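Reader: I'd like a close look at the salt bridges here, and at whatever sits around them. Keep it relaxed, but don't skip the numbers.

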Amino acid sequence: MLKTRAATRDGKPATGGLSCYITPAGIEAMRRELNALLRDERPKIVEIVSWAAGNGDRSENGDYQYGKRRLREIDRRIRFLTKRIDNAIIVDPAAQPRRDRVFFGARVTYATERDEERTVTILGVDEADMAAGQVSLVSPVARALMRAGVGDEVKLVTPRGEEMIEVLAIAYPPLP
């Protein structure tokens, strides 16, 4: 059975939804990683595997076994990055016309019920880094904050339960 993707009105293939959104900086980072794997790391590992294969018994050859394993990891990552880049929907947060509401790319400061103030930036799935205050567009906090304005109280649903949070500030990158 042949699997096909549903097409949008303009004839382009439909994508996987929110998990495909990414900023221009995020897509560039993915492209740099893909190029580094293809141009630097993979050729080095192929050379090591070729050299190790010429040394005889492959079953007890650590360089060969490690090299083949690493080559599979690299190829898996290359396939993943290629698919993510092909399906990416690039959105520049600086071009957001409605800066009074929370949308993709917004830097949001909010207060919790415990009067803790937190600031997060809502980015794509591949860009999220909680340690840096960057949350995924599909995370519970991002879903709760979407379309909220300054002063709005929204319900945040987490595994620990429900909590009301208040939006204190919304910021976007400056216009280019």
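**Salt bridges and their surroundings**

Author: Let's start with Asp75, which is partly exposed at a relative accessibility of 22%. Bear in mind that this is a predicted model. A residue has to be under 20% to count as buried, so Asp75 at 22% is still on the partly exposed side. Its salt-bridge partner is Arg42, with 2.6 Å from N to O. Asp75 belongs to helix 2 and Arg42 to helix 1 (residues 24-53), so this pair ties together parts 33 residues apart in sequence. Arg42 is partly exposed as well, with a relative accessible area of 27%.

Why would such side chains meet at all? Opposite charges on side chains can pair when the charged atoms come close. The structure has 12 salt bridges, and I'll go through some of them.

For a local one, look along helix 2 (62-87). Arg70 and Glu73 meet in a salt bridge, at 3.1 Å from N to O. Both residues sit in helix 2, three residues apart, which is about one turn of the helix. Glu73 is partly exposed, its relative accessible area being 34%.

Now for a pair that reaches across the chain. Glu163 and Arg114 form a salt bridge, with 3.4 Å from N to O. This one links distant parts of the chain, 49 residues apart: Glu163 is in strand 7, while Arg114 is in the loop between strand 3 and strand 4. Which end of the pair is buried and which is partly exposed? Glu163 is the buried end, with a relative accessible area of 12%, whereas Arg114 is partly exposed at 45%. The pair doesn't stand alone, either: salt bridges with shared partners join Arg114, Glu116, Arg118 and Glu163 into one network.

That network leads straight to a pocket. Among the residues nearest the centre of the largest pocket are Arg118 and Glu163, along with Leu156, Thr158 and Arg160. The lining has 14 residues in total, and the space inside comes to about 250 Å³. At least two lining residues come from each of helix 3, strand 6 (153-158) and strand 7 (161-171). Strand 7, home of Glu163, gives the most, with three residues. By class, the lining splits into six nonpolar, three polar and five charged residues.

Staying around the network, the loop between strand 3 (107-111) and strand 4 (117-123) also holds Asp115. Asp115 is worth a glance for its backbone: phi is near 60 degrees, a positive value in a residue that isn't glycine. Most residues other than glycine have a negative phi. Asp115 counts as exposed, at 72% relative accessibility. Glu117, in strand 4, is exposed too, with a relative accessible area of 61%.

From Glu117 you can step over to another site. Its C-alpha atom is 18 Å from that of Met146, which lies 29 residues away along the chain. Met146 lines the second largest pocket, together with Leu18, Tyr21, Val91, Phe103, Phe104, Leu137, Arg143 and Arg147. About 160 Å³ of space lies in this pocket. What classes make up the lining here? There are seven nonpolar residues and two charged ones, with no polar residue.

Arg147, part of that lining, sits in the loop between helix 3 and strand 6. Its phi is positive, about 70 degrees, although it is not a glycine. Arg147 is exposed, with a relative accessible area of 62%.

Two other members of that lining turn up elsewhere. Leu18 joins Val125 and Val138 in a nonpolar surface patch of about 210 Å². Val138 is in the loop between strand 5 (134-136) and helix 3 (140-145), and is partly exposed at 35%. Tyr21, meanwhile, is one of the residues lining the largest cavity, and so are Ser19, Cys20 and Arg84. That cavity has a volume of about 60 Å³, and the structure holds one cavity of 30 Å³ or more. Strand 1 (21-22) and helix 2 each supply at least two residues of its lining, so helix 2 brings us back to where Asp75 sits.

How values were computed:
Residues are numbered from 1 along each chain as its sequence is written. This is a predicted model: local features need pLDDT of at least 70, side-chain atom pairs count only at pLDDT 80 or more; totals for chains, interfaces and linings use all residues. Side-chain values use heavy atoms; hydrogens and water are left out. Patches are made of residues with over 30% relative accessible area and no salt bridge: like charges are joined within 9 Å, nonpolar side chains (Val, Leu, Ile, Met, Phe, Trp, Tyr) within 5 Å. Accessible areas come from the Shrake-Rupley method with a 1.4 Å probe; for residues, only the protein chains shown count as cover. A salt bridge is a side-chain nitrogen of Lys or Arg within 4 Å of a carboxyl oxygen of Asp or Glu. Helices (H or I, at least four residues) and strands (E, at least two) are DSSP runs, numbered from the N terminus. Buried means under 20% relative accessible area, exposed over 50%, partly exposed in between (1.4 Å probe, protein chains only). On a 1 Å grid over the protein atoms alone, a cavity is a set of points where a 1.4 Å probe fits but cannot get out, and a pocket is an open set with protein on both sides within 12 Å along at least five of seven lines; lining residues have an atom within 4 Å of a point. Grid points are joined across faces, edges and corners, and a volume is the space filled by probe spheres set on the points. Ala, Val, Leu, Ile, Met, Phe, Trp, Tyr, Cys and Pro count as nonpolar, Asp, Glu, Lys and Arg as charged, and the others, Gly among them, as polar.
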